[in-house]
Structure formats: structure tokens, C-alpha cells
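User: Could you take me through the salt bridges of this model, one pair at a time? I would like to know where the partners sit and how accessible they are.

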Amino acid sequence: MSNHLPNEARVIPLRPHGSRPSGAPPRQAPPAPAAKEPLWRDLVGDVLRRERLAQERTLKDVADEARISMPYLSEVERGRKEASSEVLAAAAHALGMGLGDLLTRAQGELTRVTSRHPAGSRRGVTTSSRDGMCLAA
């Protein structure tokens, strides 16, 4: 008989672990995951937070001046919320910037971060001699 208990499953391998059938191509390592491009909300939040900290201002101070809630501004800074253009403009103005300044800085950060990716990992991305940005709602 067998040394197995009645309710215990017995596994019989079809071929020894690690062996390949004859003529089978060697296994290749799975492709490395492509580098993730940052989200726009993360970039904008980083710019807002860096500017606020550079001015040595509190989250409460900026939120009050922007007339938005402190928890919401915190979520925007951490990239957890996709803020409307009105909220972004209010936060930017509270920091002494215009909406265009905020978006230009975020675009610069996006350009800086994505330029680190090797050319092969940016399939389908074409570069242009124009420097600009397009946002759609």
C-alpha cells in the first residue's frame, strides 16, 4: 500500500523539476517591467509641496488662503486626488504663482523624469522640436 493518509493528495511529477523536454528552447527570463511614467497629479502635487516648504508655510496657512480644505490640499500634494483646474489655480495663487507657473514646473519635472528612461523603453513616443503642453479635461 502507501504511506499516505486516505484524504491526502499525492502529487506525481510528469518530469523531474527543472528538466525540459528534448528539443525545447531554453527558458528565457521574463521581460523586465517597463519603467512607469509618473502621473500628472503626482508631479503637480510635488511642485505644490516643494514650493510651500520652500516658503516655510504650513499646509493650514496655504489651504486657508486658497479657500480649500487642509485635508484636500494634503491629498493633492501627495498625488492622491486629481484636482480641478480651479483648485490648482487657487493653491498656486496662494503660493504666489499663477496656474501657468505651476503647470510649467510640473512639465519640467515630467521632462526631467522621463528623460532618464532609455530610448528603447519609450516605444511609440515621438519627440518634437516644439516645447509645449496640452491638457484636456
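Analyst: Happy to. Let's begin with E51 and R105, which form a salt bridge whose closest N and O atoms are 2.7 Å apart. A salt bridge here is a side-chain nitrogen of Lys or Arg within 4 Å of a carboxyl oxygen of Asp or Glu. E51 belongs to helix α1 and R105 to helix α5 (residues 99–114), so this pair ties together parts that lie 54 residues apart in sequence. Helices (H or I, at least four residues) are DSSP runs, numbered from the N terminus.

A word on the footing: this is a predicted model, where local features need pLDDT of at least 70 and side-chain atom pairs count only at pLDDT 80 or more, while totals for chains, interfaces and linings use all residues. Residues are numbered from 1 along each chain as its sequence is written, and side-chain values use heavy atoms, with hydrogens and water left out.

Now for accessibility. E51 is buried, with a relative accessible area of 16%, whereas R105 is partly exposed at 41%. Buried means under 20% relative accessible area, exposed over 50%, and partly exposed in between (1.4 Å probe, protein chains only).

Helix α1 (residues 40–54) also supplies R41 to another pair. The side chain of R41 meets that of E82 in a salt bridge, at 3.5 Å from N to O. E82 sits in the loop between α3 (70–77) and α4 (85–94), so the two partners, 41 residues apart, link distant parts of the chain. E82 is exposed, with a relative accessible area of 53%, and R41 is partly exposed at 29%.

A third pair joins R57 and D61, again with a closest N to O distance of 2.7 Å. R57 counts as buried at 16% relative accessibility, while D61 is partly exposed at 33%.

Beyond separate pairs, R49, R52 and E77 are joined into one network by salt bridges that share partners. R49 turns up in another setting too: leaving out residues up to four places away in sequence, S74 touches R49 and L59, where contact means heavy atoms within 4.5 Å. S74 itself lies in helix α3 and is buried, at 15% relative accessibility.

As general background, side chains of opposite charge can pair when their charged atoms come close. For the full tally, a search of the whole structure finds 10 salt bridges, among them the E51–R105 pair we began with.

Methods
Helix = DSSP H or I, 4+ residues; strand = E, 2+ residues; numbered from the N terminus.
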